[in-house]
Amino acid sequence: MKKLSFILALMMAALCIFSAVPAMADEKTVITYWTNDRHDMEYLNKMIEKFNAENTDNIEIQMTVITDEYENQILLAYQGGTAPDIVGQSVNLKNFTDYGMLVSLSDYIAADEEYQKVNEPYTHAFEGLNAIGDDIYWVSIGMRSGVRIEYNKALLEKSGYTAIPATLDEYIEMAKTMTAAGNGEYYGIGFTSSSPFERQLEMMAQVSGIYYYDYVNGKFDFSGYKPILEKGRELVAAAYPDQQGVDNMRALFQTGNFALWGNASQEAGVFTQQLPITEFEWGVAPVPSLTGEIKGALQTTLSKGFLMMSSCENKDAAWKVIKFFQSEEFIKGYLENGYCLPITSYMDQRIDKTKIGRLADFSLLEYESVYPAVPTINLIGDDYRTTLWNAIMGYVEIDAAIEDLNTRYNQAYDEDILSGSVKRLVIADFDPLHPAAGTATYLDK
Amino acid sequence: MIKAKRAPKKRGMKEGGGIAATLMLAPSVIFLAVCSFYPFMWIFRYICYNYNGFRATYTGVRNFTRMLSDTTFWNSVGTTFEYAALKLVFIIPLALLMAVLLNQKLRGSSFFRGVYFMPTVIATSISGMIFTFIFATGNGILNGLLQNLGLIGKPIGWLTDQKVVMYAVTILSVWAGFGNYMLYFVTGMTSIPEDVYESAKIDGANGVQTFFKITLPMLSPVLKVVLMLAITGAFKDYEAIMVLTNGGPGNRSMVMFLYIYKLIFATQAGTQAQIGYGALLSLVAAVIVGAVTIIYQLVSKKLDDVV
């Protein structure tokens, strides 16, 4: 009887072991990834499917696209213990790190030479944007260009122009001439109602060496914008008589209602796929500056990156997924599909540029750069872009608008520093032509 | 009298009615506490804080002093009153007029009742988006129509001219809301006995006299409710305005709840989500709406006494 019991127990144990083995083999390590990017979903799905089928580490990526309230949804999930393992880059880095939600990738990066070769993380670490001090939280696989002027060649030629001039005065004159020639049929220039200041005039100010944050002294300063606002009024007077949403204005540009339009590299896809321009040739040119001389860098945006959440239980597996997303094969396909421009010189040499179409016209300029993140503050009233545009539109006086912004921004900044919710950012060796090159220090007062 | 009221309560408690009543009330009370009282207390909790959803920093009375000097907020309060007045002036008479017309039991009145009510069930964001196309200056349907009819010489900047944007916003809100109030009025009119109208007819009253002497007085309880709903609704409107104008141009159509929304959700460049300050402004806005409602109720009570 004893013997029988022993044999039965042995059989049961063997059964358990053998039944468990295939189950363990099938059990995959699931890495969840949330993003708010929709434009590249098709490519991401294809590559994730490939990774899930081919990877030998038994890892499965599950991607979720969150379109609304992305940051809030991540926060809620984190607080509720259901946060994803990896999130896309559209989050406020400071808030997320202050709250302990992110893992620094610095150690993983330091130990991975292949990753360093493809992604050049130390060259592309930007204070407050993807890195804080020595901690790198994400590395971008590409860039969105700064603003360019997209122009209708046929309308320019009608008024005797062939290229976009280098100075703002000449640019205004050109817009006025075309508006007059159009006689109500078409106009020289068009502005959208969605952040209109940002899409042309703010960038013209940047390349003229005018910026809203004085990095050297660690304070906001809008005084330099006065000449830009004065010239902006002239430009608006020559513009299409309506400021509609971005897509509406794109459609009006596409149908030849105005000749000059300002926006970044996403327009390459818009005017070839979403709203293809077939009736006329369109060109792309750098934004003009006040004097024609380039005195400051044109702001670019980091395009796509992957951050690891501190709540991730399989950090090594999550790193393998990030490595896959930032592998040469993945980035090459991503860039050649025209989703963004290359950020690293390594990838720039590896991609077939004939595949990126009109995106090639938006290739990064020598004076294009990422600016260090300006501290986000508790501001009352309108932000600077709205206020400065209101001044251009004549809803407020230019001097009053500048004084109001200097007062409100610095007051809010000082009070936030006093309450401890933010620190003062100072870059003593700040160079407007190389804004990312300086050394950032954070002061308590 | 007092004894008669207390007696059944005691009897009920003795018979276990108190426990039954408590159990029956419990779901509602818990629901009310969780969904109404708790969020309300939560608002109070943060009015002395800078809270961005991640971290709360105690700032004492700073939010109160900021509010006093926040000209954008106080201007938005003024704009809200202007918007509410414009909306009410048009929406109530229009809803009443349409209700009277559709109550005539003419052929097709049910169809038109449905047509006029339809905007109420269309998502506010969609109707706001549709009206941006209608009100567009250069290629808008409304300007095209007015120009073809020869009513205007050059296009009107419905959404870009500070002088006319409030009319554009009002047109949208009246279009979106009058069908709802019309339905209340129609329902109220159907409850007026038919024989009253017959008596009036026998007495030789014409249509106008019947409306002012019979319909309107007998509709007054419904009218009072509709007015109160319209007033509170108008003060809280912001969704369609956000899509249509986003408070512009130059804050000309910035109503107070739109401004609060922008603060709380940090829709502006380089700014934090200001949940604490937004909570304070919400309380002030609630007090303003509450005060207006109380004033309306006092006035309507006085009018009752007079009538």
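**Exercise 1. Find how many residues of domain 2 of chain A and of domain 3 of chain A are in contact, then describe where they meet.**

Step 1. Start with the count: 21 residues of domain 2 of chain A are in contact with 17 residues of domain 3 of chain A, where contact means heavy atoms within 4.5 Å. Before going on, note that this is a predicted model, in which local features need pLDDT of at least 70, side-chain atom pairs count only at pLDDT 80 or more, and totals for chains, interfaces and linings use all residues. Residues are numbered from 1 along each chain as its sequence is written, chains are lettered from A and ligands numbered from 1 in the order in which they are written, and side-chain values use heavy atoms, with hydrogens and water left out.

Step 2. Place the domains. Chain A is assigned domain 1 (26–143 + 303–364), domain 2 (148–212 + 223–299) and domain 3 (384–443); such bounds come from an automatic or database domain assignment.

Step 3. Look at the area. Domain 2 of chain A and domain 3 of chain A bury about 1,700 Å² between them, with 69% from carbon and sulfur atoms. Buried area is the accessible area (1.4 Å probe) that two parts lose on being put together, summed over both. On the side of domain 2 of chain A, Phe197(A), Leu229(A) and Arg233(A) lose the most area to domain 3 of chain A, together 34% of what that side buries.

Step 4. Look for charged pairs. There are three salt bridges between domain 2 of chain A and domain 3 of chain A; a salt bridge is a side-chain nitrogen of Lys or Arg within 4 Å of a carboxyl oxygen of Asp or Glu. A salt bridge joins Lys226(A) to Asp399(A) at 3.2 Å, N to O.

**Exercise 2. Work out how many residues chain B and chain A each bring to their contact, and which residues of chain B lose the most area.**

Step 1. Chain B brings 33 residues and chain A brings 37 residues.

Step 2. Together the two chains bury about 2,800 Å², 47% of it on carbon and sulfur atoms. In chain B, the residues that lose the most area to chain A are Phe54(B), Arg62(B) and Gln272(B), together 24% of what that side buries.

Step 3. Now the salt bridges: chain B and chain A have two between them. Arg62(B) forms a salt bridge with Glu415(A), with the closest N and O atoms 2.6 Å apart.

**Exercise 3. Decide whether Thr79(B) and Ser300(B) are buried or exposed, and describe their surroundings.**

Step 1. Recall the cut-offs: buried means under 20% relative accessible area, exposed over 50%, and partly exposed in between (1.4 Å probe, protein chains only).

Step 2. Thr79(B) counts as buried because its relative accessibility is 8%. You will find Thr79(B) in helix H4 (residues 71–102) of chain B. Leaving out residues up to four places away in sequence, Thr79(B) touches Met166(B), Arg252(B), Ser253(B), Met254(B) and Val255(B).

Step 3. Ser300(B) has 11% relative accessibility, so Ser300(B) counts as buried. Ser300(B) sits in helix H13 (residues 275–306) of chain B. Helices (H or I, at least four residues) and strands (E, at least two) are DSSP runs, numbered from the N terminus.

Step 4. Finish with the side chain: that of Ser300(B) reaches the backbone oxygen of Gln297(B) at 3.0 Å.

Definitions and conventions:
Polar contact = N/O pair within 3.5 Å; in protein donor to acceptor, adjacent residues only side chain to side chain.
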